[in-house]
Every structure is written in C-alpha cells, then in structure tokens.
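Me: Could you walk me through how the inside of this protein is put together? Here's what I have on screen.

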Amino acid sequence: MSINDCVPKKLTPNWYLINAKNKILGRLVTKIVYYLLGKNTPNYLPYLNRGDYVIVINARYVLVSGNKRNNKFYYRHSGYVGNMRCFSFNQMINKNPEYIIRVAVKGMLPKNSLSSLIMSKKLKIYANKNHQHHAQKPILLI
C-alpha cells in the first residue's frame with residue numbers, strides 16, 4: 001500500500017446555499033467559514049484549498065446583537081491625507097450589505113495566500129434572494 005492509495009483521486013466541491021435573513025452576523029459567518037475551508041469533509045487539510053462553494057442570500061437582512069447596529073463602524077482610507085471615510089452599520093447595510101459579510105468572513109479566514117483565493121472564487125454574496133447559481137443545485141443549509 002502506497003501513499004497514493006490514501007489520497008482521493010478527484011474531489012468535487014459541493015455548493016451550499018445559506019439564507020442570512022434574521023441570522024446573527026457572527027454565528028452566520030462561523031458557519032460560512034466552516035464550509036469554505038472544507039472542515040465538514042473527512043479529508044480536510046489546512047494547507048490545501050479543498051473547501052466548498054457557499055452562496056449567501058438575503059445579506060440585507062442580517063442582524064447584529066446588542067447595540068452594534070448604532071456603534072459598529074467600518075473604515076475606509078484612500079491613502080491620501082484626510083481621506084478616511086467612516087460608515088456605521090446602518091449606513092453600510094443600506095449602501096452595500098455584501099461588504100459586511102465579506103469583511104467578517106475575511107477576518108475569520110487564516111491569514112495566508114489561500115484566503116484570497118477562497119474569498120474571490122468560493123464565496124458568493126447577494127443582497128436579496130435572487131442568485132444566478134441555480135444550475136449548480138446548491139444544498140440549503142440554514
């Protein structure tokens with residue numbers, strides 16, 4: 001028996017659909033990262049990109065606990081002096097709700113080169129319930 005017998009030949013990633021409506025942001029993002037990294041599969045390796053695809057719908061209706069709706073801020077800086085922009089959670093949920101989930105997922109992913117691949121290729125976020133991935137037959141999680 002060689003080492004090649006233990007490694008699966010071809011792994012096909014699954015597609016998962018997560019409805020973010022009325023879900024707490026932190027608990028939702030931990031579930032998303034769990035499937036993006038592939039920790040739900042028995043052949044998980046932290047240095048390989050073997051995770052699944054995740055589609056998040058209804059990002060506009062995500063909730064936060066406590067008083068974070070008014071006290072949580074998102075910062076952006078262009079690099080020029082005096083050009084720092086500050087947006088509250090309420091402003092961001094109305095302007096760009098996908099950004100809220102994307103920033104939270106990025107913060108929970110490992111800080112290496114795999115995280116940028118996972119964020120760009122395997123995470124799809126939509127503000128409403130309409131998405132274009134019906135052909136992949138995603139499995140509804142929550």
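Me: Leaving out residues up to four places away in sequence, which residues does L25 touch?

Reply: Keep in mind that this is a predicted model. Contact here means heavy atoms within 4.5 Å. With the sequence neighbours up to four places away left out, the list for L25 is V62, L63, V64, Y74, I100, I101 and A104.

Me: And which element gives the largest share of the largest nonpolar core?

Reply: That core has 29 residues, and L25 and I101 are among those with the most contacts inside it. Several elements supply at least two residues each, including β1 (15-19), β2 (53-57) and α4 (97-108). The largest share, eight residues, comes from α1.

Me: How many residues are in the other core, the one with W15 and L17?

Reply: This one lies apart from the largest core. I57 and Y126 are also among its members. Its residue count is five.

Me: Okay, on to the sheet. Which strands are at its edges?

Reply: It's an open sheet of four strands with parallel pairing, in the order β5-β2-β1-β6. An edge strand pairs on one side only. That description fits β5 and β6 (139-140).

Me: What is the bridge partner of V54 in β5?

Reply: β2 and β5 run parallel, joined by three bridges. V54 is also one of the residues with the most contacts inside the largest core, and so is its partner. The partner in β5 is L123.

Me: At about what angle does α4 run to β5?

Reply: α4 lies across both β2 and β5. Going by N-to-C directions, its angle to β5 is about 155°.

Definitions and conventions:
Residues are numbered from 1 along each chain as its sequence is written. This is a predicted model: local features need pLDDT of at least 70, side-chain atom pairs count only at pLDDT 80 or more; totals for chains, interfaces and linings use all residues. Side-chain values use heavy atoms; hydrogens and water are left out. A nonpolar core is a set of buried Ala, Val, Leu, Ile, Met, Phe, Trp, Tyr and Cys residues joined through side-chain atoms within 4.5 Å. Buried means under 20% relative accessible area, exposed over 50%, partly exposed in between (1.4 Å probe, protein chains only). Two strands pair if DSSP finds at least two bridges between them. Axes are lines fitted to C-alpha atoms, for helices over the stretch in contact, and angles run from 0 to 180 degrees between N-to-C directions.
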